[in-house]
Amino acid sequence: MTDTQTRRRPAGTASPAATRPGAASAARPGALLALVLSGQFMAVLDTAIVNVAVPTIRTDLHASGAALQFVVAGYTIAYAVLLITGARLGARYGYSRLYQGGLAAFTAASLACGLAPATGWLIAFRLLQGAGAALMVPQVMSLVQRTFTGQARVRALGLYSAVLAGGIAAGQVLGGVLVDADLFGSGWRPVFLVNVPIGAVLLAAGARLLPRLPGDRDRGFDLPGLLVLAAALGLLVVPLVLGHELGRPGWGWAMLGASALLFGLFAVVERRIARRGGEPLISGRVLGAAGLLPAVGAVFMILLAFAGFMFSFALHQQSGLGHSALRAGLCSAPIAVGFGVASLHWQRLPGRLHGLLPPLCAGLLAVGYLLLGLLLRDGSGLGAVPLLLSAVLGLLAGCAYAPLFARALARVAPADAADASGVVATGVQLGQVVGVALLGSVYLGAAGLPASARGSGHALLLTTAAIGGAAALATGFAARAVAAGRGQRRARAGARALAPAPEAVRETAPRGRPADG
């Protein structure tokens, strides 16, 4: 009997099946992993692929600048706001069911985007596409948590990290290829339509490969928490994404202030629900997992730096150096490839180094980003040295991010997989959103597009200095996460040392009664 088949149980307790790592083992784990990561790849791809199609969309649909911002940002806003909601729905109604439902919605919305007759329709369909991704993506980590254990889980999470980097790079390259190809005179539409055949194949495969995991309908839904958190995230993300384009209006600052108040209200609501014996949206048990919060903080900062650099570097190439979208994507590939390679292979390094990797590599990132900015500050072309350094930065980012990502989920019980997945996925997505918004604003504010090559190089130097600051903050968070993990291991070792040996228990057991052993 699985945990999703049990009757109501007290809040904060897990069913027996929920505590068994193999409770959701799949007959073909490799094929299952390929399936869910392909869905993840499509979701990440669509955060970047549309950027290079914006000029063509403007011409074809006669879209205004603000409308184009909503076309690009609408997906990200819906995606970021609904991630934790998607995680909780997966726990309640079944991870496999929500993955398939989210994938179907994402695929249908992609088709609708590709056929959109006007800008308003395109914005609406982009919001639906982001909502579909938010339903699908949290189930990926939950299914990985339920299917894999030990080193197999670490490798699966490394692949997840590689897909994240690969999707960002591939989005820029593939977007440039599709727009330049202008297939059958379709212009920008293939950047959306490419998802349709892939989504259809994944839906068919999912019907056969996804494990049968019914949801826990008895689990509380925490509607007040969902509404307050969604509102808080929305008020945070919207002004960050749209603020620069609209000139940082007063309503944006008001939304940010209201967001801070609602995050405080969310904490109050969650505490009250927990005190009443209910099940809060984010349980204290999940947040209290050793090292989870500092690991998520470090992941947030590393992704903020990575996504902010990718965005600013692409702008520098296209606006300052005059590169085509395809060339800019190819020149951005080394850092993304380095990130993916390191995410896959960091565990091959000696085990004694694993704990040092996150803070060490994050600290080196802070120096490396600034050094790259210094190399490019005069607006000269991209030679071998800057591209090689960007690849090294990708390796460092992957070696910092992937161990932290695995650490954030390693000590979470399978029963809490959905909640932990929602928290981590939201940290990852918000890191990208905030990185593009804040660091992109630093670059755009300094460059003042259209910019000369030298002016763009100077703006990139200022941006990399800010990115270095974010990497320095990641170093502090990473050190705290590693220290928390070591503290927990020492506590467990001390508890084992204090526990009486089985022989001693037998000797002290009363005669005539069997000893507990």
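A helix here is a DSSP run of H or I at least four residues long, numbered from the N terminus. With that in hand, α9 (223-242) and α10 (250-275) can be picked out as helices that each put at least two residues into the lining of the second largest cavity. The model is a predicted one, and what follows works from the overall make-up of the chain to its enclosed and open spaces, then to a few helices and single residues.

The chain is built with 19 helices and 0 strands. Of its 517 residues, 54% are buried. Contacts lean towards long range: taking pairs at least 6 apart in sequence, 83% of the contacts link residues at least 24 apart.

Searching the whole structure for cavities of 30 Å³ or more turns up 3. The largest has a volume of about 70 Å³. Its lining is made of Q40, V44, T47, Y79, V137, Y160, L164, A425, V428, Q429 and Q432. Three helices, α1 (29-48), α6 (150-181) and α17 (417-447), each bring at least two residues to that lining, and α17 gives the most, with 4 residues. Sorted by class, the lining of the largest cavity holds 7 nonpolar and 4 polar residues, and no charged ones.

The second largest cavity comes in at about 60 Å³. Around it sit P239, L240, G243, R248, P249, G252, W253 and L256. Here α10 has the largest share of the lining, 3 residues. The class split for the second largest cavity is 5 nonpolar, 2 polar and 1 charged.

Turning to the open spaces, the largest pocket has a volume of about 1300 Å³. It is lined by 42 residues, and N51, Q69, V72, F311 and L315 are the closest to its centre. Quite a few helices take part: α1, α2 (54-61), α3 (65-93), α6, α9, α12 (292-320), α13 and α17 each give two or more residues to the lining of the largest pocket. As with the largest cavity, where α17 also gives the most, it is α17 that gives the most to the largest pocket, this time with 8 residues. The lining of the largest pocket divides into 23 nonpolar, 16 polar and 3 charged residues.

The second largest pocket has a volume of about 630 Å³. Its lining counts 25 residues, with I84, L229, F263, F266 and I282 nearest the centre. Two or more residues of this lining come from each of α9, α10, α11 (284-287), α12 and α17. By class, the second largest pocket is lined by 19 nonpolar, 4 polar and 2 charged residues.

Since α10 helps line both the second largest cavity and the second largest pocket, its geometry is worth a look. At 1.5 Å a residue, its 26 residues should span 38 Å, and the end C-alpha atoms of α10 are indeed 38 Å apart, so the two values agree. Its buried residues are G252, M255, S259, F266, V269, E270 and I273. Two of these turn up again in the linings: G252 at the second largest cavity, and F266 among the residues nearest the centre of the second largest pocket. What covers the buried residues of α10 includes α9. After α10 comes G277, which has a positive phi, near 85°.

Helix α13 (residues 325-345) passes the same kind of length check: with 21 residues at 1.5 Å each it should span 30 Å, and its end C-alpha atoms are 30 Å apart, which agrees. Even so, α13 bends by about 40° at A333, and a proline, P334, follows within four residues.

Two single residues round things off. S456 lies in helix α18 (residues 453-498). Its relative accessibility is 0%, and because buried means under 20%, S456 counts as buried. Leaving aside residues up to four places away in sequence, S456 touches H316, G320, Y443 and A451. A34, by contrast, sits in helix α1 and has a relative accessibility of 44%, so A34 counts as partly exposed. A34 and A156 are 122 residues apart in sequence, yet their C-alpha atoms are 9.8 Å apart in space.

Key
Residues numbered from 1 in each chain as written. Predicted model: local features only at pLDDT ≥ 70, side-chain atom pairs only at ≥ 80, totals over all residues. Heavy atoms only, no water. 1 Å grid on protein atoms, 1.4 Å probe; cavity = no way out; pocket = protein on both sides within 12 Å on 5 of 7 lines; lining within 4 Å. Points joined across faces, edges and corners; volume = space filled by probe spheres on them. Nonpolar A, V, L, I, M, F, W, Y, C, P; charged D, E, K, R; others polar. Buried < 20%, exposed > 50% of the residue type's maximum accessible area, 1.4 Å probe, protein only. Contact = heavy atoms within 4.5 Å. Expected span 1.5 Å × (residues − 1). Bend = angle between axes of the 7 residues up to and from the residue.
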